[in-house]
There are 2 protein chains.
Amino acid sequence: MAKQGQVNDLPLTGFRTVEDVLIGLRERGGRVTPARRLLLTALFRNHAHRSAEELAGEVQAQAPDVNISTIYRNLDELVGLGVVDRTHIGGGPATYHLSSSTHGHLVCEQCGTMTEVPHELFGELGATIRERYGFAIDPHRFAVIGRCAACR
Amino acid sequence: MAKQGQVNDLPLTGFRTVEDVLIGLRERGGRVTPARRLLLTALFRNHAHRSAEELAGEVQAQAPDVNISTIYRNLDELVGLGVVDRTHIGGGPATYHLSSSTHGHLVCEQCGTMTEVPHELFGELGATIRERYGFAIDPHRFAVIGRCAACR
DNA sequence: TTAAATGCAAAGAATTTGCATAACA
DNA sequence: TGTTATGCAAATTCTTTGCATTTAA
């Protein structure tokens with residue numbers, strides 16, 4: 001059984017709206033609460049990377065009583081469901097944003113297999129490279145050469 | 001003037017041994033202390049990514065009185081000097097390791113220019129990809145396609 | 001001698017957890 | 001009604017900082 005406050009964490013895919021996610025959540029045994037709806041609304045409002053504290057601020061603008069621990073618990077849940085991506089930057093707080101479906105590729109130099117991986121994986125790298133070298137990664141032509149699990 | 005406990009932080013390059021770094025440090029107005037020598041010795045012993053706490057443990061095996069705050073202060077200094085790289089993984093503690101000179105490439109899809117960038121930039125990405133997909137990036141064939149500063 | 005480095009303790013920031021209460025389904 | 005979710009406070013983990021003391025040069 002899942003521990004308290006955590007729904008079945010199989011990936012939740014194909015969502016497009018706040019209500020989509022909430023419905024998926026309910027189908028998995030979770031509950032639709034005001035805090036969850038407000039958090040998702042904040043996340044859907046824009047795709048910027050925001051800290052738990054920033055998201056809490058946005059939620060609290062509507063519902064001042066929502067505690068930051070509730071934000072953390074719900075973010076953990078959404079990360080587990082694949083709805084949200086978490087990124088740890090520098091020494092600062094983790095940032096969260098809706099996971100996107102764009103992707104990069106892992107190309108095996110041995111068998112040529114191409115594995116799609118979520119574009120988010122490269123997000124931080126892309127930002128760093130742009131900053132330091134003025135080099136813009138082409139997200140649609142992003143490929144990494146190496147050896148796949150099968151060939152190793 | 002640099003604040004207390006911090007030497008001139010221009011990059012310190014071309015070091016190969018613990019003593020190299022210590023000499024460079026002294027030339028910049030820093031001092032050679034037992035704690036620094038032990039920390040560098042630990043870092044040079046292997047290139048694994050280790051947390052401040054793990055490094056403190058190795059130093060304390062020789063000199064039990066060295067405090068973790070001294071480890072943190074010296075690591076900060078070495079990072080500033082370019083001798084050590086710091087990586088923030090997951091939610092856990094930062095990890096440190098000697099900076100290496102190996103590199104990857106940024107290939108411009110327009111002019112074909114190839115820019116070398118320190119391999120460390122890809123370190124975290126490589127670890128993540130290996131973990132999640134079992135895919136091993138070839139560090140010598142790591143190339144990223146995009147558009148260079150000049151062509152943008 | 002004197003500025004830099006250290007030890008120690010305390011503060012800080014980010015996140016997690018325990019538990020009683022509230023509220024979805 | 002029976003869990004699940006929440007609020008609140010306290011605990012944890014990692015890191016930084018203030019200050020008196022020590023020490024390298």
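## The surface near DNA strand C

In this predicted model, the surface near DNA strand C has eight nonpolar, ten polar and eight charged residues by class, where Ala, Val, Leu, Ile, Met, Phe, Trp, Tyr, Cys and Pro count as nonpolar, Asp, Glu, Lys and Arg as charged, and the others, Gly among them, as polar. DNA strand C is surrounded by 26 residues, of which the closest are Tyr72(A), Arg31(B), Thr33(B), Arg36(B) and Thr70(B); a residue is near a strand if one of its heavy atoms lies within 4 Å of it. Of the atoms of DNA strand C that come within 4 Å of the protein, sugar and phosphate account for 59%.

Polar contacts, meaning pairs of N or O atoms within 3.5 Å (within protein, one atom must be able to donate a hydrogen and the other to accept it, and residues adjacent in sequence count only if both atoms are side-chain atoms), reach both the bases and the phosphates of this strand. A polar side-chain atom of Arg31(B) lies 2.8 Å from a base nitrogen of DNA strand C, whereas Thr33(B) places a polar side-chain atom 2.7 Å from a phosphate oxygen, and a backbone N or O atom of Val32(A) is 2.9 Å from a phosphate oxygen. The elements that give two or more residues to this surface are H4 of chain A together with helix H2 (34-45) and H4 of chain B, with helices (H or I, at least four residues) and strands (E, at least two) taken as DSSP runs numbered from the N terminus.

## The surface near DNA strand D

DNA strand D is likewise surrounded by 26 residues, and here the closest are Arg31(A), Thr33(A), Arg36(A), Thr70(A) and Tyr72(B). Sugar and phosphate make up 60% of the atoms of DNA strand D that come within 4 Å of the protein.

The side chain of Arg31(A) has an N or O atom 2.5 Å from a base oxygen of DNA strand D, while the side chain of Arg36(A) has one 2.7 Å from a phosphate oxygen; from the other chain, a polar backbone atom of Val32(B) is 3.1 Å from a phosphate oxygen. Helix H2 (34-45) and helix H4 (68-81) of chain A, together with helix H4 (68-81) of chain B, are the elements that give two or more residues to the surface near DNA strand D.

## The contact between chain A and chain B

Chain A and chain B each bring 35 residues to their contact, which is defined by heavy atoms within 4.5 Å. About 2,800 Å² is buried between the two chains, 65% of it on carbon and sulfur atoms; buried area is the accessible area (1.4 Å probe) that two parts lose on being put together, summed over both. In chain A, Leu121(A), Tyr133(A) and Phe135(A) lose the most area to chain B, together 22% of what that side buries.

Between the chains there are zero residue pairs in polar contact with both residues at pLDDT 80 or more. The largest share of the side of chain A that touches chain B comes from H5(A), with nine residues, and by class this side has 19 nonpolar, seven polar and nine charged residues.

## How the copies are related

A turn of 179° and a shift of 0.1 Å along the axis lay chain A on chain B with an RMSD of 1.0 Å, the superposition being by least squares on the C-alpha atoms of residues with pLDDT of at least 70 in both. That is the relation of a two-fold axis. The copies meet through the same surface, because 100% of the interface residues of chain A are also interface residues in chain B.

## Conventions

Residues are numbered from 1 along each chain as its sequence is written, while chains are lettered from A and ligands numbered from 1 in the order in which they are written. Local features need pLDDT of at least 70, side-chain atom pairs count only at pLDDT 80 or more, and totals for chains, interfaces and linings use all residues, with side-chain values using heavy atoms and leaving out hydrogens and water.
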